[in-house]
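Here is a colleague's note for a reader coming fresh to this structure. The points below are best read with the sequence and the 3D view side by side.

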Amino acid sequence: MQAIEAIRKRRAVRTYTDHPVDDATIDQLLRVALLAPTGSGSQAWSVMVVRDAARRRSIADLVIEGAGHYFAVMRPPAPGATPEAHAQWAHEYAEAILASYRVAPVWILGLLVPRNNYPESMREGGHIDDLLSLGFAMENLFVAARAIGLGTVPTTAFQRFEKDRLRTIVGLPADVDPAIITPLGTPPAFPEGLPPAIKKMRRPWRTLVHDDTWGNTRDS
Ligand SMILES: Cc1cc2nc3c(=O)[nH]c(=O)nc-3n(C[C@H](O)[C@H](O)[C@H](O)COP(=O)(O)O)c2cc1C
């Protein structure tokens, strides 16, 4: 599949089969991930491949639990629902949509690794550059995975409040941030387009493109 088609067809995949992914394929994906541009050449990143079954299971449990907390905060409660009922709904919803994370054959952790190569006055900007660079690396991986028929989903929010637990599962030092992680595996089918609720929120691309001056958008 060509790059533009793979970019168009990449989707957040939240349903996986247990079909294995071989090591050569994973290596290929990691190598293209790490070809991404990196601000100041700092390479403040690493990628971890988690194949070990017990660790994968623990990561999936953590992510599904985290998703429950996320949905409890981000989705409005049903009319009249008590906080406890809403939290229970959120937990069950996360289980319902993400349960197959427990069978995905691989997890890839995109890690932000401090390199301490920015002087004090550049540290804040450098941190942003490092995060952006890690995002570029993971996007390379997401698109390349799609091109060869594998699913991924950028995941940052679902592990956000459980990073120490995640560090413990895979032995990460305290200063290494598992900022963006993903299952990697074969979906039963790739989602076609966005889910209706997300699609409704999507701003038409013409409203986001400004020609020469701010406000001169393609829809104006
Ligand atoms: C920075 C970032 C963080 C995200 N975090 C999560 C996450 O924690 N959990 C999740 O299921 N999806 C997450 N997503 C996926 C988005 O929900 C998804 O990309 C968006 O709904 C658009 O769908 P698409 O990827 O199929 O185009 C994240 C995406 C981005 C770019």
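1. Helices and strands in this note are DSSP runs, a helix having at least four residues and a strand at least two, and they are numbered from the N terminus. The model is a predicted one. In that numbering, R10 sits in the loop that lies between helix 1 (3-9) and helix 2 (23-33).

2. The surroundings of R10 can be described a little further. Leaving aside residues up to four places away in sequence, R10 touches F142, V143 and R146. R10 has 18 C-beta neighbours inside 10 Å and therefore counts as partly exposed, since a residue is buried only from 20 such neighbours upwards and exposed at 12 or fewer. As for a residue remote in sequence, R10 and I108 are separated by 98 residues along the chain, and their C-alpha atoms are 17 Å apart in space.

3. The sheet is an open one of three strands, in the order 1-2-3 and with antiparallel pairing. Strand 1 (45-50) and strand 3 form its edges, each of them pairing on one side only. On average, and with direction ignored, neighbouring strands of this sheet are turned by 20 degrees against each other.

4. The pairing can be followed strand by strand. Strand 1 and strand 2 run antiparallel and are joined by six bridges, and W45 has L112 of strand 2 as its bridge partner. Helix 5 (residues 123-147) packs on the sheet, where it touches strand 1, strand 2 and strand 3, and the direction of helix 5 makes about 160 degrees with that of strand 2.

5. On the other side of the pairing, strand 2 (residues 106-112) and strand 3 are also antiparallel, over six bridges, and G110 has I180 in strand 3 as its bridge partner. Is strand 3 largely enclosed or open to the outside? Eight of the eight residues of strand 3 (residues 177-184) are buried, so this strand is largely enclosed by the rest of the structure.

6. Helix 3 (residues 53-74) packs with helix 6 (residues 163-170) at an angle of about 175 degrees, the two axes being 10 Å apart. Helix 3 and helix 6 are therefore roughly antiparallel to each other, because angles over 145 degrees count as such. Helix 3 contributes R55, S58, I59 and L62 to the contact, while helix 6 contributes R165, L166, I169 and V170. Sorted by class, the residues in this contact of helix 3 with helix 6 are five nonpolar, one polar and two charged.

7. Two backbone angles deserve a look. Most residues other than glycine have a negative phi. Q43, although it is not a glycine, has a positive phi of about 45 degrees, and it is placed in the loop between helix 2 and strand 1. Q43 counts as partly exposed because it has 17 C-beta neighbours inside 10 Å.

8. D212 is likewise a residue other than glycine with a positive phi, near 70 degrees. Its place is in the segment after helix 7 (196-201), and with 5 C-beta neighbours inside 10 Å it counts as exposed.

9. Finally, how is the protein chain divided into domains? The domain assignment gives domain 1 (3-189) and domain 2 (194-220), and the C-alpha centres of domain 1 and domain 2 lie 27 Å apart.

Terms used
Residues are numbered from 1 along each chain as its sequence is written. This is a predicted model: local features need pLDDT of at least 70, side-chain atom pairs count only at pLDDT 80 or more; totals for chains, interfaces and linings use all residues. Two residues are in contact if their C-beta atoms, placed from the backbone, lie within 7 Å. Axes are lines fitted to C-alpha atoms, for helices over the stretch in contact, and angles run from 0 to 180 degrees between N-to-C directions. Angles under 35 degrees count as roughly parallel, over 145 as roughly antiparallel, 65 to 115 as roughly perpendicular and the rest as oblique. Ala, Val, Leu, Ile, Met, Phe, Trp, Tyr, Cys and Pro count as nonpolar, Asp, Glu, Lys and Arg as charged, and the others, Gly among them, as polar. Two strands pair if DSSP finds at least two bridges between them. Domain bounds come from an automatic or database domain assignment.
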